Amino acid sequence: MSVQHKRTSIKNKPKTVEELTAQGAELERKVSELEQSGGGASPAMQAAVMSARLTMNDEIKAGKRTGTDVVACEALFEEWKPGKYEKDDVRVHDGQVWRCCQPHDNKNNPDIEPGKSPAQWVPYHTTDPQKAKPFIQPTMAEDSYQKGEVCLWTDGKVYRSTMETANAYSPADYPQGWEVVDME
């Protein structure tokens, strides 16, 4: 019995957000199927996920990926756990994708955690309304919403930032800086 494996070469690396999203969704689906079936991921699947994760991390650090790209592929990133982190490491925590903006080791500072430590972790935002994340109050320019980025507000609606400059206000605090996105 012969087992054939589909190999992805470097030249088939995704170029667009759509291709990247599709590949990320396919990997997420396959890993989910394996987990639900009770079987662990095969070595080949583990290698594929690791390769995709490393490629994405390299491209993020090189400035080749936007927040929209990162959020679209959040399934590729490891869950945050206490430990040592370098600048630009990406982790998922409480359903949000975060970027480390300051090297740290929370071994001696257990309170350093995404969502609680804005000096160390900033959230990624997306322009894709289908992937909108709950609003996180910005604390500095680096985590402010840029024009076109979206958030899910407490009223259940998705809002898009319309400000030409960094938007550090919520849809309630500065409604003229936001527009409701029609999701139909």
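**Close-ups of a predicted model**

Just after α2, Gly63 takes a positive phi of about 75°. This is a predicted model, where local features need pLDDT of at least 70, side-chain atom pairs count only at pLDDT 80 or more, and totals for chains, interfaces and linings use all residues. Residues are numbered from 1 along each chain as its sequence is written, and side-chain values use heavy atoms, leaving out hydrogens and water.

**View 1. Helix α2 and its two faces.** Helix α2 spans residues 43-61, 19 in total; helices here are DSSP runs of H or I with at least four residues, strands are E runs of at least two, and both are numbered from the N terminus. From first C-alpha to last, α2 reaches 27 Å, close to the 27 Å expected at 1.5 Å a residue (the expected span is 1.5 Å times one less than the number of residues). Its buried residues are Met45, Val49, Arg53, Met56, Asn57, Glu59 and Ile60. They cover an arc of only 165° around the axis, so they sit on the same side of α2; the arc is taken from the directions from the helix axis to the C-beta atoms. On the face turned away from that buried side, α2 carries the exposed residues Pro43 and Asp58. Buried means under 20% relative accessible area, exposed over 50%, and partly exposed in between, with a 1.4 Å probe and protein chains only.

**View 2. Lys133 and its surroundings.** Lys133 lies in the loop between β5 (121-123) and β6 (150-152). With a relative accessible area of 14%, Lys133 counts as buried. Leaving aside residues up to four places away in sequence, Lys133 touches Val71, Glu74, Gly95, Gln96, Cys151 and Leu152 (contact means heavy atoms within 4.5 Å). As for Gly95, its backbone oxygen lies 3.0 Å from a polar atom of the Lys133 side chain.

**View 3. Thr165 in another loop.** Thr165 belongs to the loop between β7 (158-161) and β8 (178-180). At 52% relative accessibility, Thr165 is exposed. Tyr145 is 20 residues from Thr165 along the chain, and their C-alpha atoms are separated by 8.8 Å.

**View 4. Stepping back to the chain.** The protein chain has three helices and eight strands, in the order α-α-α-β-β-β-β-β-β-β-β along the sequence. Of its 184 residues, 39% count as buried. Among contacts with a separation of 6 or more, 33% come from residues 24 or more positions apart.

Definitions and conventions
A polar contact is a pair of N or O atoms within 3.5 Å; within protein, one must be able to donate a hydrogen and the other to accept it, and residues adjacent in sequence count only if both atoms are side-chain atoms.
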